[in-house]
Amino acid sequence: MKGILAIETSCDETGVALWDRASGLVAHELFSQVALHARYGGVVPELASRDHVRRLPQLVARALAQARWTPADVDLVAYTAGPGLAGALLVGAAFAESWAFARGVPTMPIHHLEGHLLSPLMAAPDLAFPFVALLVSGGHTQLLWVEGVGRYRLLGETIDDAAGEAFDKTAKILGLGYPGGPQLAKLAERGDATRFALPRPLIQSPEIAFSFSGLKTAVALAAETVGRDPQARADLAASFQAAVIDVLVAKTVRAVELTGARRLVAAGGVTANARLRARLAAELEALGCSVVFPPPQWCTDNGAMIAHAAAQRVRLGFPVKQDYRVTIHPRWPLPL
Amino acid sequence: MKILAFDTASDHACVAVQWDEAVHTCKLQGYARHSEHLLAAIAQTFAEKGLGNWQQEIDAIAFGAGPGAFTGVRLACAVAQGMGMALGKPLLALDALALVGRSAYPEGPSGCVWVAADARMGEWYHRWFEVTAGGEWQPRSEPALVSPHSARWDEIAIDPDGTEFRFAGFRLAERWPESWPAPFETRWIDAIAPEALLAAARAAAAQEQFVAADAAQPVYVRERVALTLEEQQALRAKKREAATQSRA
């Protein structure tokens, strides 16, 4: 017995990883469904589930071959149990629990966001707790106070859309392809961010909360005046991106000031945005707070972060599960 | 032959075990979520019969592969994949419509049987089978979708001039159209019979229809589950046009 088989199927990426208890990550496989969903302009949950059940066993086989493991080497099966798309989660959970049941080994359901927020520790294992975590993706926008593995306090979150969702919806308004976030960021590079005066929702409010639906509406109204003018579209993209980044940075600064944190961990798909990274680093380091980002390969959903989170939990003696019930939590608040 | 078989495509899931000549069955009735109880039911079935070493001894894992409720057939497939890969055992993907037919006609009368199961959205999944004198269920058509309100019989029937066929129905919400010929025998079922599950699994094993765990897939039949961007735009344009006309 060597270690952990980890499975991630919460949305539109199928991720598998093997984690050796002695040497850490020994294999990881990832399949992105972006091309599958592009022609629909967004993730189609039923198609996502179908693709997970198609890819998952093949990725597991490849990971085992990559690590030169056999099924007998797996002594724990970890999987994302939520939050996420119910049908997609069910594929990974059913596969994982059934594998564990057949081999008589325990399982460990992992919170998807815990996987993300601990992922920077894969590259920086000496990163000390406590820290503030900014989790910003297509499904989530949260600030958390992290005292240790499994010890999280919610500082604030979005009251409507997630930041990544706002990026994708704005990209759709501008007629960009899917996934919209990276394409919008690319278009924004040649735009003037000062041309459109877009709102910065809640930026003056002392509370730590985000709201992006009003911003999305403002972009939709502005887009009607833009037409097909390529420079105006780039300016609108740049103005939108600047508004989102202003809000994310302002609230993160507020969280760091409130907690007195000396470290910030920023994770989730939106933290792949180069301008957000640069602004966070500049403004927080000016406050004496270091900023840690996961390596780009761990910014998207992946199996390695689930394996890593499970390994941390096992190391600290968190209980494992051995009832072989396939239970998922499509909505699952993070402070566990 | 030692086979574990299960089906989760309907409200009443079932588990069945063929252990050489012995047969053991378990029905999961009254559970809203098969996912939470399926593995416990399998464990209980093996434990009650004292089959403690089943993981090593089993020859194949059979599952109801659909067509049927998407989540149900996917659950069965993912469970079979996980167990099959973990144990290095092959899988048998069982046609859900054959399971309906076998549940309705366990005696296996020779002749044609047309099987239909509810597919929602006003449609049925359907498939024709020829039951041989030896009791084998041989498919005569591919599993497909049919709308009983709009389909013509000659589009559905494998032998439009022949009217001698039996019918097996599973939870059909739509009525039998008057323009279709009446089958000379009709049977309805409410649940897949564990005995039918095992009979189908034994037949599949005898024909060596084994698949590797990483190659087994559910059968959906309904492939169109979302509108493409172009279709979304066309639909929006149509709605706008209708709204304009209604205002006018």
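In this predicted model, the domain assignment splits chain A into two parts: domain 1 covers residues 3–117 together with 299–315, and domain 2 covers residues 129–296. If you follow the chain with your finger, notice that domain 1 is written as two stretches, 3–117 and 299–315. The C-alpha centres of domain 1 and domain 2 of chain A lie 27 Å apart.

How do these two domains of chain A meet? On the domain 1 side, 16 residues are in contact with 23 residues of domain 2 of chain A. Together the two domains of chain A bury about 1,400 Å², and 70% of that area is on carbon and sulfur atoms. Within domain 1 of chain A, the residues that lose the most area to domain 2 are Leu113(A), Leu117(A) and Cys299(A), which together make up 51% of what that side buries. The count of salt bridges between domain 1 and domain 2 of chain A is zero.

Chain B is also divided by the domain assignment, with domain 1 at residues 2–95 plus 192–206 and domain 2 at residues 98–189. Here the centres of the two domains of chain B, taken over C-alpha atoms, are separated by 25 Å. Their contact takes 17 residues from domain 1 of chain B and 12 residues from domain 2 of chain B. These two domains of chain B bury about 1,100 Å² between them, with 64% of it on carbon and sulfur atoms. In domain 1 of chain B, Pro67(B), Asp95(B) and Ile192(B) lose the most area to domain 2, together 48% of what that side buries.

Asp95(B) deserves a second look. Across the interface of domain 1 and domain 2 of chain B there is one salt bridge. Asp95(B) forms a salt bridge with Arg127(B), and the closest N and O atoms of this pair are 3.4 Å apart.

Now step back to see how the two chains come together. Chain B gives 34 residues to the contact and chain A gives 31 residues. Chain B and chain A bury about 2,800 Å² between them, 65% of it on carbon and sulfur atoms. On the chain B side, Leu39(B), Arg74(B) and Met85(B) supply 22% of the area buried against chain A, more than any other three residues.

Which residue of chain A forms a salt bridge with Arg74(B)? The partner is Glu46(A), with the closest N and O atoms 2.9 Å apart. This pair crosses between chains, running from helix α2 (residues 45–67) of chain A to helix α3 (residues 70–87) of chain B. The interface of chain B and chain A has three salt bridges. Another pair to find is Glu223(B) with Arg50(A), whose side chains meet in a salt bridge at 3.4 Å, N to O. Over all chains, the count comes to 30 salt bridges.

Here are the salt bridges named in this report, side by side.

| Acidic residue | Basic residue | N to O distance |
|---|---|---|
| Asp95(B) | Arg127(B) | 3.4 Å |
| Glu46(A) | Arg74(B) | 2.9 Å |
| Glu223(B) | Arg50(A) | 3.4 Å |

Next, zoom in on a pair of helices in chain A. Helix α9 (residues 230–259) and helix α10 (residues 274–285) of chain A pack at an angle of about 35°, with their axes 10 Å apart. The crossing of α9(A) and α10(A) is right-handed. Helix α9(A) brings residues including Ile245(A), Leu248(A), Val249(A) and Val253(A) to this contact, and α10(A) brings residues including Leu276(A), Arg279(A), Leu280(A) and Glu283(A). Sorted by class, the contact of α9(A) with α10(A) has eight nonpolar, two polar and four charged residues.

Finally, a few details of the backbone are worth finding. The peptide bond from Gly82(A) to Pro83(A) is cis, with omega near -15°. Pro83(A) sits in the loop between β4 (74–82) and α3 (86–103) of chain A. The peptide bond from Phe129(A) to Pro130(A) is cis too, with omega near -5°. Look for Pro130(A) in the loop between α5 (120–123) and β6 (131–136) of chain A.

Over in chain B, Glu208(B) has a positive phi of about 55°, although Glu208(B) is not a glycine. Its place is in the loop between α6 (194–206) and α7 (229–247) of chain B.

Technical notes:
Residues are numbered from 1 along each chain as its sequence is written. Chains are lettered from A and ligands numbered from 1 in the order in which they are written. This is a predicted model: local features need pLDDT of at least 70, side-chain atom pairs count only at pLDDT 80 or more; totals for chains, interfaces and linings use all residues. Side-chain values use heavy atoms; hydrogens and water are left out. Axes are lines fitted to C-alpha atoms, for helices over the stretch in contact, and angles run from 0 to 180 degrees between N-to-C directions. Helices (H or I, at least four residues) and strands (E, at least two) are DSSP runs, numbered from the N terminus. A crossing is left-handed if the near helix is turned anticlockwise from the far one by less than a right angle, and right-handed if clockwise. Contact means heavy atoms within 4.5 Å. Ala, Val, Leu, Ile, Met, Phe, Trp, Tyr, Cys and Pro count as nonpolar, Asp, Glu, Lys and Arg as charged, and the others, Gly among them, as polar. Domain bounds come from an automatic or database domain assignment. Buried area is the accessible area (1.4 Å probe) that two parts lose on being put together, summed over both. A salt bridge is a side-chain nitrogen of Lys or Arg within 4 Å of a carboxyl oxygen of Asp or Glu.
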